[in-house]
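Open the model in your viewer and keep the sequence panel in sight. The stops below are given in the order in which to select them.

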Amino acid sequence: MLEISETALSPAKGWQAPTTKEVAAVLEAIEKKHGEVDSLLGIGGRTVRRWRVGANDDQSAIPYSCWVVVVWLATGTVIIDPVKLPQVQKAEIAALPQCCAAADWQSPPAEVVTQFIGKTSITKLTRKEIAARFKWSSENFSKQIAGQKLNFIHWCCLMLLCGIKPTFIYKSPGNVIHNHDRAGG
């Protein structure tokens, strides 16, 4: 069992960055289960090493959205509050063309991403509201969408927000993804 403070497992509003000791423990758990964290997340090894730097009680530099994903990978716990979606919508989301590994990630077209954004969208949340849930810059998030350059972590966070089972998001050695795993329950 990993020891992680309550504030490090909070939704964005009450979140405090975890300590470097907590991050190291979570990353070690992921590495035992899934392999190298940097390749799973599609980020550089140097970035991952920076998250671990400091004394054990120092706060880590890990961004909230990355923390959301690594906590899920290590524990299966989703620390954000997903939006409530009817099962039909979850199935529709799961049916979207997906790239299940960071190594071959291609950002979906803006018209796919924008199905999740706006008061009449799947999530019923604006760009600013989604950005706030993950501590993202809403301007950068908007630019990623418009430029069709949504990064892998942001897409994973959108799927987690919609309650899609994370096993659908990641494909790692020993983690087989079946059709019945696609829609969250």
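The tour starts with the whole chain, goes on to one helix and its surroundings, and ends with a few single residues.

**Whole chain**

Bear in mind that this is a predicted model. Colour by secondary structure: the chain has 10 helices and 0 strands. Followed along the sequence, the pattern reads α-α-α-α-α-α-α-α-α-α. Of the 185 residues, 48% count as buried. Turn on the surface next; the chain exposes about 9500 Å², and carbon and sulfur atoms supply 52% of that area. For contacts between residues at least 6 apart in sequence, 64% join residues at least 24 apart.

**Helix α8**

Select residues 138–146, which form helix α8. Show the side chains of Ser138, Phe141, Gln144 and Ile145, the buried residues of α8. Why do they lie on the same side of α8? They do so because they cover an arc of only 120° around the axis. The general rule behind such spacing is that an α-helix has 3.6 residues a turn, so residues three or four places apart point the same way.

Now rotate to the other side of α8, where Glu139, Lys143 and Ala146 are exposed. To see what covers the buried residues of α8, add α6 (110–113), α7 and α9 (152–161), which are included in that cover.

**The contact of α7 with α8**

Keep α8 and select helix α7, residues 127–134. How far apart are the axes of the two helices, and at what angle do they pack? The axes of α7 and α8 are 9 Å apart, and the angle is about 115°. The crossing of α7 past α8 is right-handed.

Show side chains on both helices. From α7, pick Arg127, Lys128, Ile130 and Ala131; they meet Ser138, Phe141, Ser142 and Ile145 of α8. By type, the residues of this contact divide into 4 nonpolar, 2 polar and 2 charged. Two of the α8 residues in the contact, Phe141 and Ile145, are also among the buried residues of that helix.

**Positive phi angles**

Most residues other than glycine have a negative phi. The next three stops have a positive one.

- Lys124 is in the loop between α6 and α7. Its phi is positive, about 65°, although Lys124 is not a glycine. Lys124 counts as partly exposed because its relative accessibility is 47%.
- Lys135 is in the loop between α7 and α8. Its phi is also positive, about 60°. With a relative accessible area of 46%, Lys135 is partly exposed.
- Gln148 follows α8 and has a positive phi near 50°.

**Asn56**

Go to the loop between α3 (45–52) and α4 (64–75) and select Asn56. Is Asn56 buried, exposed or partly exposed? It is partly exposed, at a relative accessible area of 48%. Leaving aside neighbours within four places in sequence, Asn56 is in contact with Thr19, Thr20 and Lys21. Draw a distance from the C-alpha atom of Asn56 to that of Thr20: the separation is 5.4 Å, for two residues 36 apart along the chain.

**Leu40**

The last stop is Leu40, in helix α2 (residues 37–41). Leu40 is buried because its relative accessible area is 8%, under the 20% cut-off. Add Ala103 and draw the C-alpha distance: the two atoms are separated by 7.7 Å, with the residues 63 apart along the chain.

Note on methods
Residues are numbered from 1 along each chain as its sequence is written. This is a predicted model: local features need pLDDT of at least 70, side-chain atom pairs count only at pLDDT 80 or more; totals for chains, interfaces and linings use all residues. Side-chain values use heavy atoms; hydrogens and water are left out. Axes are lines fitted to C-alpha atoms, for helices over the stretch in contact, and angles run from 0 to 180 degrees between N-to-C directions. Helices (H or I, at least four residues) and strands (E, at least two) are DSSP runs, numbered from the N terminus. A crossing is left-handed if the near helix is turned anticlockwise from the far one by less than a right angle, and right-handed if clockwise. Contact means heavy atoms within 4.5 Å. Ala, Val, Leu, Ile, Met, Phe, Trp, Tyr, Cys and Pro count as nonpolar, Asp, Glu, Lys and Arg as charged, and the others, Gly among them, as polar. Buried means under 20% relative accessible area, exposed over 50%, partly exposed in between (1.4 Å probe, protein chains only). Accessible areas come from the Shrake-Rupley method with a 1.4 Å probe; for residues, only the protein chains shown count as cover. The arc is that of the directions from the helix axis to the C-beta atoms.
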